[in-house]
Amino acid sequence: MNTTRAEHRRRASRRLRRKRVISAVIAVALVGAGICAVALTLGPEAPPATDEAVASATPSETPTPTPTPLTPAQALLATSTDPQSCAVSFAGDGIALDPQLQTQGVRYQNLPIPRAEGRVFAGWYDAAADAAAMTQTARLNGADLVTCTDRQRTLHAGWTTPEANTAEAAGIPILMYHQFTRNPKGEDNWLRLNYAYIGDFDAQMAHIQQSRFYLPTWDELSAFIDGKLYLPKHSVIITDDDADSTWLEMAAPIVNDRKLLTTSFVITSARSEGAPNPFVLQRSHTHDMHRAGANGKGRMVNDDADTIAADLNRSAQILGAKEVVAYPFGHYNDTTKEGLRRAGFELGRTIEHGYVRIGTDKLALPVIRMNYGMTVDDLVKEIG
């Protein structure tokens, strides 16, 4: 009986061990089958993925860099293919102006003249400190050539008060030349006083250049008359009447060499070619009114306002500019002024002696006539 029980226990133990071995073998087989299935699914071992492959395989997971927005100056430069283009920006108290596209090596064109209630604009300067101090020698305008760094430049606004502007009491001289001669003794004819000796002219221009006079543009002079722009006493405007051949051959090269802004008043029926150099502005001396009318005086005081306006518009079309007219023979009256207004001219220059001041009649600008025999000393007496 006892033997039988022991035998049953041994048999049961053997059966249990066999079940465990079979279960282990099955488990191993199942694991092996799973590994094979995975291997068959993946195929041969693939090489390691490169960064480029990952980037191309999962584009939605790689963030796209946000481009840096262009500044207004950079956006303006992007519109031009000219390598000499320069984006000029404007800075200063109360200044909110878009940049301008200027050209390096060319005089500044159409610089803005901001206006603000209770203040007087005092010009554009190289640096903020110069603007605050209104440093005249650092002031820039249409008489200066554009220079830039990396095709950009910033100009800084200067301001002053109406009271300080009035206290300056500036009187702006407009010099009026005509013809020129190389003969120190002058020309022996009825226009003798018109002929400045070219040696005297060169010496006078040297004085203006070396003394660092400020050379206002016509739009600046207009704003100055309105009391909206400060001009220093140390200012002068240089002009020539008629665009005579002696002016072109002798005097124009001098103002070019000395880089002095000058206005040549041209009779466009007699001469229509362009300016002789970059420092010469060409403005109207009328188209065909530099001759006598019915009463022996100039046509500007004989013809009606519409006729005058038509002539001036013809002149402006040839010159490509308006701004200012020099009256032939200095003759003008109220009808003349009306003709200028109808043609869209803002300024008229006479031959009457005097200085342009705040409040001067814009259609009756006075001048300093430069005659034969006047030396540098004479110029200094007139303009300082």
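Tyr177 is buried in this predicted model, with a relative accessible area of 1%. Phe180 is likewise buried, and the rings of Tyr177 and Phe180 have their centres 6.0 Å apart. Because the planes of these two rings stand at 25 degrees, the pair is stacked. Tyr177 also pairs with Phe201, at a distance of 4.9 Å between ring centres. Here the planes meet at 90 degrees, so the arrangement is edge-to-face. Phe201 is buried too, with a relative accessible area of 1%. Since Tyr177 belongs to strand 6 (residues 174–177) and Phe201 to helix 6 (residues 198–210), their pairing ties together parts that are 24 residues apart in sequence.

The pairs of Tyr177 with Phe180 and with Phe201 belong to a wider aromatic picture, for the structure holds nine aromatic pairs. One aromatic cluster is formed by Phe90, Phe121, Trp124 and Trp159. Trp159 has a charged companion as well: Arg119 lies over the face of its ring, at 4.0 Å from the ring centre.

Attention now turns to helix 10 (residues 334–343), whose buried residues are Thr336, Lys337, Gly339, Leu340 and Ala343. These residues cover an arc of only 155 degrees around the axis, and are therefore on the same side of helix 10. Their packing partners are helix 9 (305–319), strand 12 (324–326) and strand 13 (347–353). Both ends of helix 10 offer some detail. At its start, a side-chain oxygen of Asn333 comes to within 3.0 Å of the backbone nitrogen of Thr335. After helix 10 comes Gly344, which has a positive phi, near 90 degrees.

Helix 10 also takes part in salt bridges. Lys337 is buried, with a relative accessible area of 14%, and forms a salt bridge with Asp361 in which the closest N and O atoms are 2.6 Å apart. Asp361 lies in the loop between strand 13 and strand 14 (365–369), so this bridge from helix 10 ties together parts that are 24 residues apart in sequence. Unlike buried Lys337, Asp361 is partly exposed, at 35% relative accessible area. A further salt bridge joins the side chains of Arg342 and Asp306, at 2.6 Å from N to O. With Arg342 in helix 10 and Asp306 in helix 9, the pair ties together parts that are 36 residues apart in sequence. Arg342 counts as partly exposed, its relative accessibility being 47%.

Across the whole structure, a search finds 17 salt bridges. Among them is the one between Arg349 and Asp241, with the closest N and O atoms 2.8 Å apart. Arg349 lies in strand 13 and Asp241 in strand 9 (residues 237–241), so the pair ties together parts that are 108 residues apart in sequence. Both of these residues, Arg349 and Asp241, are buried. Elsewhere, salt bridges link Arg115, Asp226, Glu346 and Lys362 in a network.

A final site of interest is His287, placed in the loop between strand 11 (280–284) and helix 9. His287 is buried, with a relative accessible area of 17%. Its side chain is joined to that of Thr268 by a polar contact of 2.8 Å. Neighbours within four places in sequence set aside, His287 is in contact with Ile267, Thr268, Ser269, Asp311, Arg314, Ser315 and Ile318.

Notes
Residues numbered from 1 in each chain as written. Predicted model: local features only at pLDDT ≥ 70, side-chain atom pairs only at ≥ 80, totals over all residues. Heavy atoms only, no water. Phe/Tyr/Trp six-rings, centres within 6.5 Å; stacked < 30°, edge-to-face > 60°. Buried < 20%, exposed > 50% of the residue type's maximum accessible area, 1.4 Å probe, protein only. Helix = DSSP H or I, 4+ residues; strand = E, 2+ residues; numbered from the N terminus. Lys NZ or Arg CZ within 6 Å of the ring centre and 35° of its normal. Arc of directions from axis to C-beta. Contact = heavy atoms within 4.5 Å. Polar contact = N/O pair within 3.5 Å; in protein donor to acceptor, adjacent residues only side chain to side chain. Salt bridge = Lys/Arg side-chain N within 4 Å of Asp/Glu carboxyl O.
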